[in-house]
Amino acid sequence: MTKAIRIHVNGGPEVMKWEDVPTPEPGPGEALIKQEAVGLNYIDVYFRTGLYKAPNMPLVIGQEGAGTVTAVGPNVVAVAPGDRVAYAGPIGGYATERVIPADRLVKVPEAISFQTAAAMMLQGMTAQYLLRRTYTVKAGDTIVVHAAAGGVGLIMCQWAKHLGATVIGVVSSEQKAAIAHANGAAHTVVGYANLVAEVKRITAGAMVPVVYDSVGKDTFLTSLDCLAPLGLMASYGSASGPVPPVELGLLAAKGSLYLTRPTLATYTAKRADLERAATDLFDVVGKGVVKIQINQTFPLKDAAAAHIALEARKTTGSTVLIP
Ligand code: NDP
(Lines give C-alpha, C1' and ligand atoms only; values in the text may rest on other atoms or scores of the structure.)
Protein backbone atom coordinates (compact mmCIF):
# COMPACT_ATOMS: atom_id res chain seq x y z
CA MET A 1 0.00 0.00 0.00
CA THR A 2 0.94 3.63 -0.40
CA LYS A 3 -0.57 6.94 0.75
CA ALA A 4 -2.37 9.54 -1.33
CA ILE A 5 -4.68 12.52 -1.03
CA ARG A 6 -7.91 11.64 -2.84
CA ILE A 7 -11.19 13.42 -3.47
CA HIS A 8 -14.43 11.46 -3.77
CA VAL A 9 -16.58 14.53 -4.52
CA ASN A 10 -15.90 18.09 -5.63
CA GLY A 11 -15.94 20.76 -2.94
CA GLY A 12 -13.89 22.75 -0.44
CA PRO A 13 -10.48 21.78 0.97
CA GLU A 14 -12.21 19.37 3.39
CA VAL A 15 -12.99 16.92 0.55
CA MET A 16 -9.30 15.99 0.35
CA LYS A 17 -8.73 12.75 2.25
CA TRP A 18 -5.38 11.17 3.22
CA GLU A 19 -5.95 7.52 2.37
CA ASP A 20 -4.26 4.15 1.88
CA VAL A 21 -4.25 3.19 -1.78
CA PRO A 22 -2.74 0.11 -3.46
CA THR A 23 0.79 0.68 -4.74
CA PRO A 24 0.28 0.94 -8.50
CA GLU A 25 2.08 -1.33 -10.97
CA PRO A 26 3.70 0.33 -14.00
CA GLY A 27 2.12 -0.85 -17.25
CA PRO A 28 3.58 -0.64 -20.76
CA GLY A 29 5.31 2.71 -21.28
CA GLU A 30 4.90 3.65 -17.61
CA ALA A 31 7.25 4.25 -14.70
CA LEU A 32 6.66 4.00 -10.95
CA ILE A 33 8.17 6.86 -8.96
CA LYS A 34 8.78 7.31 -5.27
CA GLN A 35 8.03 11.00 -4.86
CA GLU A 36 10.23 13.18 -2.67
CA ALA A 37 8.33 16.42 -3.29
CA VAL A 38 5.00 17.39 -4.85
CA GLY A 39 4.21 20.80 -6.34
CA LEU A 40 1.13 22.81 -5.31
CA ASN A 41 -0.56 24.62 -8.19
CA TYR A 42 -3.71 26.64 -8.65
CA ILE A 43 -4.95 24.06 -11.15
CA ASP A 44 -5.21 21.62 -8.21
CA VAL A 45 -7.89 23.92 -6.78
CA TYR A 46 -9.82 23.87 -10.09
CA PHE A 47 -9.91 20.04 -10.09
CA ARG A 48 -10.90 19.98 -6.42
CA THR A 49 -13.78 22.45 -6.83
CA GLY A 50 -14.95 21.00 -10.14
CA LEU A 51 -14.17 24.05 -12.31
CA TYR A 52 -12.12 21.49 -14.26
CA LYS A 53 -13.90 18.16 -14.62
CA ALA A 54 -12.34 15.20 -12.77
CA PRO A 55 -11.45 12.40 -15.22
CA ASN A 56 -12.54 9.83 -12.60
CA MET A 57 -13.59 9.54 -8.94
CA PRO A 58 -12.07 8.95 -6.49
CA LEU A 59 -9.29 11.15 -7.90
CA VAL A 60 -5.73 11.76 -6.76
CA ILE A 61 -5.31 15.43 -7.68
CA GLY A 62 -1.95 17.13 -8.31
CA GLN A 63 0.02 17.53 -11.52
CA GLU A 64 3.63 18.05 -10.52
CA GLY A 65 6.26 16.16 -8.61
CA ALA A 66 9.84 14.96 -8.35
CA GLY A 67 11.39 11.75 -7.11
CA THR A 68 13.21 8.56 -8.04
CA VAL A 69 12.13 5.91 -10.54
CA THR A 70 11.71 2.61 -8.67
CA ALA A 71 10.32 0.39 -11.45
CA VAL A 72 9.42 0.57 -15.13
CA GLY A 73 6.91 -1.33 -17.24
CA PRO A 74 7.57 -2.90 -20.64
CA ASN A 75 8.77 -0.68 -23.51
CA VAL A 76 10.32 2.06 -21.39
CA VAL A 77 13.69 3.22 -22.66
CA ALA A 78 13.88 6.88 -21.63
CA VAL A 79 14.24 6.27 -17.88
CA ALA A 80 15.45 3.45 -15.61
CA PRO A 81 15.20 2.62 -11.90
CA GLY A 82 17.37 4.99 -9.88
CA ASP A 83 16.90 7.99 -12.19
CA ARG A 84 16.05 11.34 -10.56
CA VAL A 85 13.02 12.63 -12.45
CA ALA A 86 10.32 15.30 -12.42
CA TYR A 87 7.15 16.07 -14.35
CA ALA A 88 4.31 18.50 -14.86
CA GLY A 89 0.96 17.50 -16.27
CA PRO A 90 -0.34 13.97 -15.64
CA ILE A 91 -2.88 14.07 -12.82
CA GLY A 92 -2.24 11.84 -9.77
CA GLY A 93 0.51 13.83 -8.06
CA TYR A 94 -0.64 14.02 -4.41
CA ALA A 95 0.79 10.58 -3.58
CA THR A 96 3.88 9.07 -2.02
CA GLU A 97 4.26 6.74 -5.02
CA ARG A 98 2.62 7.00 -8.43
CA VAL A 99 2.79 5.62 -11.94
CA ILE A 100 3.14 7.98 -14.86
CA PRO A 101 3.68 7.71 -18.62
CA ALA A 102 7.48 7.58 -18.86
CA ASP A 103 7.51 9.93 -21.86
CA ARG A 104 6.22 12.70 -19.57
CA LEU A 105 9.27 12.46 -17.28
CA VAL A 106 12.41 14.54 -17.57
CA LYS A 107 15.67 13.76 -15.83
CA VAL A 108 16.60 16.32 -13.17
CA PRO A 109 20.18 17.67 -13.16
CA GLU A 110 22.12 16.71 -9.99
CA ALA A 111 22.46 20.37 -9.00
CA ILE A 112 18.69 20.80 -8.72
CA SER A 113 17.07 19.42 -5.56
CA PHE A 114 13.84 17.40 -5.59
CA GLN A 115 12.02 20.23 -3.80
CA THR A 116 13.16 22.80 -6.32
CA ALA A 117 12.25 20.50 -9.20
CA ALA A 118 8.78 19.87 -7.77
CA ALA A 119 8.31 23.60 -7.22
CA MET A 120 9.31 24.68 -10.70
CA MET A 121 8.27 22.22 -13.39
CA LEU A 122 4.68 23.34 -13.90
CA GLN A 123 5.05 27.01 -13.03
CA GLY A 124 8.45 27.32 -14.71
CA MET A 125 7.52 25.64 -17.99
CA THR A 126 4.41 27.83 -18.01
CA ALA A 127 6.59 30.91 -17.66
CA GLN A 128 8.81 29.51 -20.42
CA TYR A 129 6.08 29.10 -23.01
CA LEU A 130 4.34 32.36 -22.09
CA LEU A 131 7.53 34.44 -22.37
CA ARG A 132 9.23 32.57 -25.23
CA ARG A 133 6.38 31.27 -27.41
CA THR A 134 2.90 32.73 -26.74
CA TYR A 135 4.54 36.13 -27.13
CA THR A 136 8.29 36.39 -27.68
CA VAL A 137 9.43 38.88 -25.08
CA LYS A 138 12.23 41.10 -26.41
CA ALA A 139 14.68 43.48 -24.79
CA GLY A 140 12.98 46.84 -24.44
CA ASP A 141 9.43 45.46 -24.11
CA THR A 142 7.32 46.61 -21.21
CA ILE A 143 4.90 43.88 -20.12
CA VAL A 144 2.16 43.44 -17.51
CA VAL A 145 2.29 40.36 -15.25
CA HIS A 146 -0.66 39.69 -12.93
CA ALA A 147 -0.28 37.86 -9.58
CA ALA A 148 3.38 38.87 -9.85
CA ALA A 149 4.33 37.57 -6.38
CA GLY A 150 2.75 34.15 -6.99
CA GLY A 151 4.35 30.93 -8.18
CA VAL A 152 4.24 31.58 -11.92
CA GLY A 153 4.50 35.32 -11.25
CA LEU A 154 7.86 35.36 -9.48
CA ILE A 155 9.41 33.16 -12.16
CA MET A 156 7.98 35.39 -14.91
CA CYS A 157 9.34 38.56 -13.24
CA GLN A 158 12.88 37.18 -13.01
CA TRP A 159 12.94 35.58 -16.45
CA ALA A 160 11.39 38.57 -18.25
CA LYS A 161 13.90 40.91 -16.63
CA HIS A 162 16.69 38.63 -17.80
CA LEU A 163 15.27 38.87 -21.33
CA GLY A 164 15.59 42.65 -21.07
CA ALA A 165 11.94 43.47 -20.47
CA THR A 166 10.49 45.99 -18.03
CA VAL A 167 7.91 44.19 -15.88
CA ILE A 168 4.88 45.93 -14.43
CA GLY A 169 3.82 43.46 -11.72
CA VAL A 170 0.27 43.53 -10.38
CA VAL A 171 -0.31 42.35 -6.80
CA SER A 172 -2.82 42.72 -3.97
CA SER A 173 -0.65 44.09 -1.16
CA GLU A 174 2.41 46.23 -0.46
CA GLN A 175 4.15 43.18 1.02
CA LYS A 176 3.65 41.27 -2.24
CA ALA A 177 4.77 44.35 -4.19
CA ALA A 178 8.08 44.29 -2.31
CA ILE A 179 8.55 40.58 -3.12
CA ALA A 180 7.76 41.08 -6.82
CA HIS A 181 10.10 44.07 -6.94
CA ALA A 182 12.93 42.10 -5.30
CA ASN A 183 12.44 39.43 -8.00
CA GLY A 184 12.69 41.66 -11.03
CA ALA A 185 9.48 43.66 -11.40
CA ALA A 186 10.63 47.18 -12.23
CA HIS A 187 7.22 48.58 -11.34
CA THR A 188 4.48 47.22 -9.11
CA VAL A 189 0.82 48.16 -8.95
CA VAL A 190 -1.31 47.21 -5.93
CA GLY A 191 -4.89 46.38 -6.93
CA TYR A 192 -6.59 46.94 -10.26
CA ALA A 193 -8.28 50.33 -9.80
CA ASN A 194 -5.29 52.38 -10.99
CA LEU A 195 -3.72 49.79 -13.27
CA VAL A 196 -4.63 51.35 -16.62
CA ALA A 197 -3.55 54.82 -15.46
CA GLU A 198 -0.28 53.44 -14.11
CA VAL A 199 0.48 51.54 -17.32
CA LYS A 200 -0.25 54.72 -19.28
CA ARG A 201 2.09 56.73 -17.04
CA ILE A 202 4.91 54.16 -17.07
CA THR A 203 4.77 53.69 -20.86
CA ALA A 204 4.22 57.41 -21.60
CA GLY A 205 0.90 56.54 -23.25
CA ALA A 206 2.21 53.74 -25.49
CA MET A 207 0.63 50.93 -23.39
CA VAL A 208 2.01 47.36 -23.55
CA PRO A 209 2.30 44.70 -26.26
CA VAL A 210 1.26 41.84 -23.97
CA VAL A 211 -0.62 41.29 -20.72
CA TYR A 212 -0.17 37.97 -18.90
CA ASP A 213 -3.43 37.58 -16.96
CA SER A 214 -3.91 34.61 -14.62
CA VAL A 215 -6.61 36.27 -12.51
CA GLY A 216 -9.43 35.94 -15.03
CA LYS A 217 -12.90 37.32 -14.28
CA ASP A 218 -11.84 40.26 -12.06
CA THR A 219 -9.16 41.64 -14.39
CA PHE A 220 -10.09 40.69 -17.96
CA LEU A 221 -11.49 44.05 -19.11
CA THR A 222 -8.89 46.08 -17.23
CA SER A 223 -6.15 44.02 -18.86
CA LEU A 224 -7.53 44.70 -22.36
CA ASP A 225 -7.30 48.44 -21.60
CA CYS A 226 -3.59 48.08 -20.79
CA LEU A 227 -2.79 46.88 -24.32
CA ALA A 228 -1.33 48.88 -27.20
CA PRO A 229 -3.08 48.49 -30.58
CA LEU A 230 -2.49 44.94 -31.93
CA GLY A 231 -1.51 43.86 -28.42
CA LEU A 232 -1.91 40.31 -27.11
CA MET A 233 -4.06 39.35 -24.17
CA ALA A 234 -2.70 36.06 -22.78
CA SER A 235 -5.49 34.95 -20.44
CA TYR A 236 -3.91 31.88 -18.89
CA GLY A 237 -5.70 31.39 -15.57
CA SER A 238 -8.88 31.95 -13.57
CA ALA A 239 -7.84 32.51 -9.95
CA SER A 240 -10.83 34.88 -9.45
CA GLY A 241 -13.19 32.78 -11.61
CA PRO A 242 -13.51 32.10 -15.33
CA VAL A 243 -13.78 34.96 -17.83
CA PRO A 244 -17.40 35.31 -19.06
CA PRO A 245 -18.08 34.97 -22.81
CA VAL A 246 -16.37 37.72 -24.79
CA GLU A 247 -18.01 39.92 -27.41
CA LEU A 248 -15.48 39.77 -30.29
CA GLY A 249 -16.29 43.36 -31.29
CA LEU A 250 -14.62 44.43 -28.05
CA LEU A 251 -11.25 43.36 -29.46
CA ALA A 252 -11.87 45.51 -32.55
CA ALA A 253 -12.98 48.52 -30.54
CA LYS A 254 -9.96 48.35 -28.23
CA GLY A 255 -7.38 48.29 -31.05
CA SER A 256 -7.51 45.10 -33.14
CA LEU A 257 -6.33 43.10 -30.15
CA TYR A 258 -5.32 39.43 -30.10
CA LEU A 259 -6.67 37.10 -27.44
CA THR A 260 -5.40 33.65 -26.49
CA ARG A 261 -6.28 31.18 -23.72
CA PRO A 262 -3.16 28.99 -23.69
CA THR A 263 -2.41 25.86 -21.66
CA LEU A 264 0.84 24.13 -20.75
CA ALA A 265 -0.70 20.85 -21.93
CA THR A 266 -0.90 22.09 -25.53
CA TYR A 267 2.55 23.68 -25.45
CA THR A 268 4.23 20.51 -24.14
CA ALA A 269 2.08 17.88 -25.88
CA LYS A 270 4.95 16.88 -28.19
CA ARG A 271 7.90 15.25 -26.44
CA ALA A 272 10.32 17.60 -28.26
CA ASP A 273 8.47 20.65 -26.92
CA LEU A 274 8.47 19.23 -23.39
CA GLU A 275 12.22 18.64 -23.58
CA ARG A 276 12.88 22.11 -24.98
CA ALA A 277 10.80 23.79 -22.25
CA ALA A 278 12.47 21.76 -19.49
CA THR A 279 15.96 22.35 -20.89
CA ASP A 280 15.32 26.08 -21.15
CA LEU A 281 14.04 26.12 -17.56
CA PHE A 282 16.92 24.04 -16.16
CA ASP A 283 19.29 26.42 -17.95
CA VAL A 284 17.97 29.63 -16.34
CA VAL A 285 17.64 27.97 -12.94
CA GLY A 286 21.09 26.37 -13.22
CA LYS A 287 22.67 29.73 -14.06
CA GLY A 288 20.89 31.40 -11.15
CA VAL A 289 19.00 33.73 -13.52
CA VAL A 290 15.75 32.41 -12.05
CA LYS A 291 15.71 31.49 -8.38
CA ILE A 292 12.80 29.24 -7.41
CA GLN A 293 11.34 30.75 -4.28
CA ILE A 294 9.84 27.99 -2.14
CA ASN A 295 8.12 30.20 0.40
CA GLN A 296 5.85 27.53 1.92
CA THR A 297 6.12 23.79 2.55
CA PHE A 298 3.42 21.53 4.01
CA PRO A 299 3.33 17.80 4.74
CA LEU A 300 1.42 16.19 1.85
CA LYS A 301 -1.16 14.88 4.33
CA ASP A 302 -1.96 18.53 5.18
CA ALA A 303 -2.68 19.48 1.54
CA ALA A 304 -6.01 20.97 2.68
CA ALA A 305 -4.15 23.60 4.70
CA ALA A 306 -2.02 24.40 1.65
CA HIS A 307 -5.16 24.87 -0.48
CA ILE A 308 -6.70 27.16 2.15
CA ALA A 309 -3.57 29.33 2.15
CA LEU A 310 -3.36 29.42 -1.67
CA GLU A 311 -7.02 30.35 -2.14
CA ALA A 312 -6.82 32.99 0.61
CA ARG A 313 -3.95 34.64 -1.36
CA LYS A 314 -1.66 34.04 1.64
CA THR A 315 1.12 32.30 -0.29
CA THR A 316 3.92 33.88 -2.29
CA GLY A 317 6.25 32.16 -4.75
CA SER A 318 6.04 28.37 -4.92
CA THR A 319 4.66 25.87 -2.42
CA VAL A 320 5.85 22.28 -2.02
CA LEU A 321 4.07 19.35 -0.36
CA ILE A 322 6.31 16.76 1.27
CA PRO A 323 5.13 13.10 1.16
P1 NDP B 1 -0.33 31.76 -7.53
O2 NDP B 1 0.79 31.48 -6.61
O3 NDP B 1 -0.13 32.84 -8.54
O4 NDP B 1 -1.62 32.05 -6.67
C5 NDP B 1 -2.72 32.69 -7.21
C6 NDP B 1 -2.64 34.21 -7.05
O7 NDP B 1 -3.69 34.80 -7.81
C8 NDP B 1 -2.89 34.70 -5.63
O9 NDP B 1 -1.75 34.67 -4.80
C10 NDP B 1 -3.38 36.11 -5.88
O11 NDP B 1 -2.31 37.03 -5.96
C12 NDP B 1 -4.03 36.03 -7.27
N13 NDP B 1 -5.47 36.17 -7.19
C14 NDP B 1 -6.19 37.17 -7.75
N15 NDP B 1 -7.48 37.04 -7.47
C16 NDP B 1 -7.60 35.95 -6.70
C17 NDP B 1 -8.72 35.34 -6.08
N18 NDP B 1 -9.96 35.84 -6.20
N19 NDP B 1 -8.51 34.23 -5.34
C20 NDP B 1 -7.29 33.73 -5.20
N21 NDP B 1 -6.18 34.28 -5.78
C22 NDP B 1 -6.34 35.39 -6.51
O23 NDP B 1 -0.75 30.41 -8.26
P24 NDP B 1 0.05 29.60 -9.41
O25 NDP B 1 1.37 30.20 -9.63
O26 NDP B 1 -0.09 28.16 -9.12
O27 NDP B 1 -0.85 29.87 -10.69
C28 NDP B 1 -1.05 31.20 -11.14
C29 NDP B 1 -2.12 31.21 -12.17
O30 NDP B 1 -1.62 30.68 -13.38
C31 NDP B 1 -3.39 30.45 -11.83
O32 NDP B 1 -4.50 31.19 -12.29
C33 NDP B 1 -3.24 29.20 -12.65
O34 NDP B 1 -4.45 28.63 -12.97
C35 NDP B 1 -2.52 29.72 -13.87
N36 NDP B 1 -1.75 28.70 -14.58
C37 NDP B 1 -2.05 28.48 -15.88
C38 NDP B 1 -1.34 27.60 -16.62
C39 NDP B 1 -1.62 27.45 -18.07
O40 NDP B 1 -0.85 26.79 -18.79
N41 NDP B 1 -2.67 28.03 -18.59
C42 NDP B 1 -0.28 26.78 -16.01
C43 NDP B 1 0.04 27.16 -14.66
C44 NDP B 1 -0.70 28.07 -13.96
P45 NDP B 1 -2.58 38.56 -5.45
O46 NDP B 1 -3.00 38.41 -4.01
O47 NDP B 1 -1.29 39.27 -5.63
O48 NDP B 1 -3.68 39.09 -6.33
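Visitor: In which loop does Pro58 lie?

Guide: This is a predicted model, where local features need pLDDT of at least 70, side-chain atom pairs count only at pLDDT 80 or more, and totals for chains, interfaces and linings use all residues. Residues are numbered from 1 along each chain as its sequence is written, and side-chain values use heavy atoms, without hydrogens or water. Helices (DSSP runs of H or I, at least four residues) and strands (runs of E, at least two) are numbered from the N terminus. On that numbering, Pro58 is in the loop between α1 and β4 (59–60).

Visitor: What is omega for the peptide bond from Met57 to Pro58?

Guide: Most peptide bonds are trans. The bond from Met57 to Pro58 is cis, with omega near -10°.

Visitor: Which residue in the loop between α7 and β14 has a positive phi?

Guide: Most residues other than glycine have a negative phi. In the loop between α7 (249–253) and β14 (258–260), a phi near 50° is found at Ser256.

Visitor: How many residues surround the ligand?

Guide: A residue is counted if one of its heavy atoms lies within 4 Å of the ligand. The closest are Tyr46, Tyr129, Ser172, Lys176 and Leu264. The full count is 29.

Visitor: Which residue has a side-chain N or O atom 2.9 Å from an oxygen atom of the ligand?

Guide: Backbone N or O atoms also approach ligand oxygen atoms, at 2.9 Å for Gly151 and 2.8 Å for Leu264. The side-chain atom at 2.9 Å belongs to Arg313.

Visitor: How much of the ligand's accessible area does the protein cover?

Guide: Accessible area comes from the Shrake-Rupley method with a 1.4 Å probe. On its own the ligand has 900 Å². The share covered by the protein is 93%.

Visitor: Which element gives the most residues to the lining of the largest pocket?

Guide: The lining holds 49 residues, with Tyr42, Ile43, Tyr46, Val152 and Ser214 nearest the centre of the pocket. Elements that supply two or more residues include α1 (42–49), α3 (151–162) and β10 (166–171). With four residues, the top contributor is α2.

Visitor: Between which two domains does the largest pocket lie, and why?

Guide: Domain bounds come from an automatic or database assignment. Both domains give residues to the lining, so the largest pocket lies between domain 1 (2–121 + 270–322) and domain 2 (139–261).

Visitor: Which strands each supply at least two residues to the lining of the second largest pocket?

Guide: This lining has 13 residues, and those nearest the pocket centre are Val21, Pro24, Val60, Glu97 and Arg98. The strands are β1 (2–7) and β7 (97–101).

Terms used: On a 1 Å grid over the protein atoms alone, a cavity is a set of points where a 1.4 Å probe fits but cannot get out, and a pocket is an open set with protein on both sides within 12 Å along at least five of seven lines; lining residues have an atom within 4 Å of a point. A polar contact is a pair of N or O atoms within 3.5 Å; within protein, one must be able to donate a hydrogen and the other to accept it, and residues adjacent in sequence count only if both atoms are side-chain atoms.
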